[in-house]
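Visitor: Please take a close look at the disulfides of this chain. I would like one connected account of them and of their surroundings.

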Amino acid sequence: MARSVKSTTSFETRLEKQAASENPDSLLAGDTLHPDHDDLQAMVDSAVKGDRNSDRNNGEGEGEGLTFRVLVLGTMFSSALAFVNMYYWFRSNPISVGIAAVQLLSLPAGWVLSRVLPTHTFNTFGMRWTMNPGRFSMKEHVLISVFANASTGTAYALDIVVVRRMWIGPPLSFGASVLVALTSQLVGYSFSGLFHRFLVEPDAMVWPSTLASVMLFRALQSMVPGPRARKTSVQSARLRVFWIAFAASFAWYFVPGWAFPALTMLPVLCLAAPSNIYANQLGDGYGGLGMLALTLDWSTISNAYTGSPLATPWFAACNLFAGFVLVMWIITPIGYYANAWDAQTLPIYTNELFAGDGSVYNVSRVLADGRLDIAAYEEYGPMRMSFQFLLMYGFCFMGITCLLSHVALHHGADIWRTIRQIHSDLRQGGQRAAASACALPGVPAAWYAAVFVATLAMGVAGCQVFDLLPWYGFLLAIGVACVLTLPVGLVEAVSNFQYALGVVTELVAGFLWPGQPTYNASFKMFGYITMKQALMLARDQKLGRYMRVPPRHLFACQVLGTVVAVFVQLGTAFWLMDSVAGICTDAAFPFTCRQGKLFYSTMVIWGVFGPQRQFAGRYSVLYWMFLVGVFLPLPFWLLKRRFPRSVWRLVNIPVALTYIGYMPNAPTHDFVMFTIFSFVFNYALLRYRSMWWRKYNFTLAAALDAGLAVSGIVGYFALQTTVPLDWWGTRNHCPLSKDPLSKHRP
């Protein structure tokens, strides 16, 4: 087996060198999609290539992939995560159990099964299989985690199910909900196969977030006892670093997570002047702009919006921070304090909707049977949003065309060259087929086609029968997802950031079907979530490529995990909606459906009022941002071509605008520490302590995130819900940040 692995690797190396010699600038040759390719290569070498020899010595090139143990443990963990995450989705303080918990718990579970399950070989319809093929392998460990990963987030269709039942109507039945959820979750997987040659195969497509997972798998697998398990000195050192960092992260999070929450956000300006409205608005990290607000909480530094700074390339962190500073610390205060669009009559940073008098907008006053009542709307008046909220939408408009323009300028020639190469391979056959035969067999195109055809039929039927969307609207949404998958994936694969393009689908649906909130939400579900699912599979396929997991096994696990997650999440949701009296109201606290209410507000903005009303009049200037986005990448592209080794090669406008799309929901105080950590680890240490960085960087990233995940779960159940605290360190120190400036002026 070791000889086979070596032969495969050498063949792939020869193939890559041949492609590079034939097309030195192509995607297949590695390209320079990452503007700082040396750093990119160092990240891959550290996390992926550094331990290949030791992996082979320990037998990790061998072992089964999709086994009985994978199916059992994958189903168990996927069901558990789906239930827990769905249960807490309804609560006022939702928590999310991530994949790190599965990575940690599945290892001892798999080892126990390898010791207790019978080794008898069964013969079922000519297929020979066993419950216990031997030592619990790394391939099984990866596949179980991928299986359960589908349950770390709730299906987007569940938002529609809950909102239609609780607020809009008519409610969807369980069967209808299953049909819609399966369609929305699975249809995107076919696009992953369509763009596999662009997003997974090229070496330049790194997917940095997977590198920490690679190191976590290797650190954990090195502990599995076995006759061939031998740890090198580097592995032993990494294991010590992992457990020390894990223990420190686990223990420390009890401080900001329970005992001293003020450490999550230290508002220096608010502490210096607590009664000053300007200090509160500028200094609060939740209701303000987060200036000089620091954090000592790893869950804030490495969060769902930014990811881990240790797994983020330095160039990407720089672009992100520059975009944040420009929009949040320069443009927003200038516009707000200049009273643009009467901004001072509203808070500086909020996602709430307001009436003309500054009170919170009562949406129910302008709705009739879930649709806009024109007479009531004209009587009550239009809805207002804060200056920063409007600014966010303007930059989202700009980001849509900016992303397409950036990809066309920087990667258009490579994409076209790769398309021609694929066409040539299909006509000639042979070389790629030989590569697949010598390496791990890829997922057949027929599998992707079967998923696409089945989900397409399910989607058209579900949309027509349950009045979710006209059939042509469903097909248009799928087309939008297909167009967006490649450009968004190209940026995410090298920067670790996925541009939030949900506003594209909301805008299109708002113009096509004004006053139809269900149509708007369904169009976004099939147009945006389809793209997200495609990129999730591409990311997992890259992880499998790093870990030498058979792509067919990985694809099967992700599909199975998605199906299990849909049934368990829907079952949990219907159980809660049927059993909790007054759910989604304050009377059912803590089951107040905070997430569902936010989704409902979004449906109101785009589906009930629509862009024709919401962005008309004085807000119509925001539409010019589409045109600005087309030309914005051009000067930086020209500067990069003129000065190829200058700092201009590092400028990536879509990455700089990524975080803006998550505002004003996201906190504003995490960027300073995030950028500092990224600078220390992915610039300073990489440049001046490169050997240390190559050995420990991703091990440390995995340990910090894993310790945080476990500590968050333990602390929530053991302390936060049973031993609440009330002292200076648990209180809000920016009491005026959510007030409008006009309230404090004579």
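Guide: What follows goes through the disulfides one at a time, then turns to two further cysteines and to the chain as a whole.

The model is a predicted one. A disulfide is a covalent bond between the sulfur atoms of two cysteines. With a cut-off of 2.5 Å between the sulfur atoms, the count here is two disulfides.

One of them links Cys 270 and Cys 734, with an S to S distance of 2.0 Å. Cys 270 belongs to helix α14, which covers residues 268-272, and Cys 734 sits in the segment after α31 (690-720), so this disulfide ties together parts of the chain that are 464 residues apart in sequence. The torsion about the S-S bond of Cys 270 and Cys 734 is about 110°, so the disulfide is right-handed. As for exposure, the relative accessible area of Cys 270 is 1%, and Cys 270 is therefore buried, the limit being under 20%. Cys 734 also counts as buried, at 1% relative accessibility.

The other disulfide is formed by Cys 584 and Cys 593, whose sulfur atoms lie 1.9 Å apart. The torsion about the S-S bond of Cys 584 and Cys 593 is about -70°, so this disulfide is left-handed. Cys 584 and Cys 593 are both buried.

How do the two pairs sit relative to each other along the chain? With the bonded cysteines numbered in sequence order, the pairing reads 1-4, 2-3. In residue terms, Cys 270 pairs with Cys 734, and Cys 584 pairs with Cys 593.

Two further cysteines can be placed by their exposure. Cys 318 has a relative accessibility of 30% and counts as partly exposed, because that value falls between the 20% and 50% limits. Cys 402, at 1% relative accessibility, counts as buried.

The rest of the chain gives the setting. Its secondary structure comprises 31 helices and six strands. The chain has 746 residues, and 56% of these count as buried. Among contacts in the chain with a separation of 6 or more, 81% are between residues 24 or more positions apart. The accessible surface of the chain is about 30,000 Å², and carbon and sulfur atoms account for 64% of that area.

To return to the request: the chain has two disulfides, the right-handed one between Cys 270 and Cys 734 and the left-handed one between Cys 584 and Cys 593.

Technical notes:
Residues are numbered from 1 along each chain as its sequence is written. This is a predicted model: local features need pLDDT of at least 70, side-chain atom pairs count only at pLDDT 80 or more; totals for chains, interfaces and linings use all residues. Side-chain values use heavy atoms; hydrogens and water are left out. Helices (H or I, at least four residues) and strands (E, at least two) are DSSP runs, numbered from the N terminus. Buried means under 20% relative accessible area, exposed over 50%, partly exposed in between (1.4 Å probe, protein chains only). Contact means heavy atoms within 4.5 Å. Accessible areas come from the Shrake-Rupley method with a 1.4 Å probe; for residues, only the protein chains shown count as cover.
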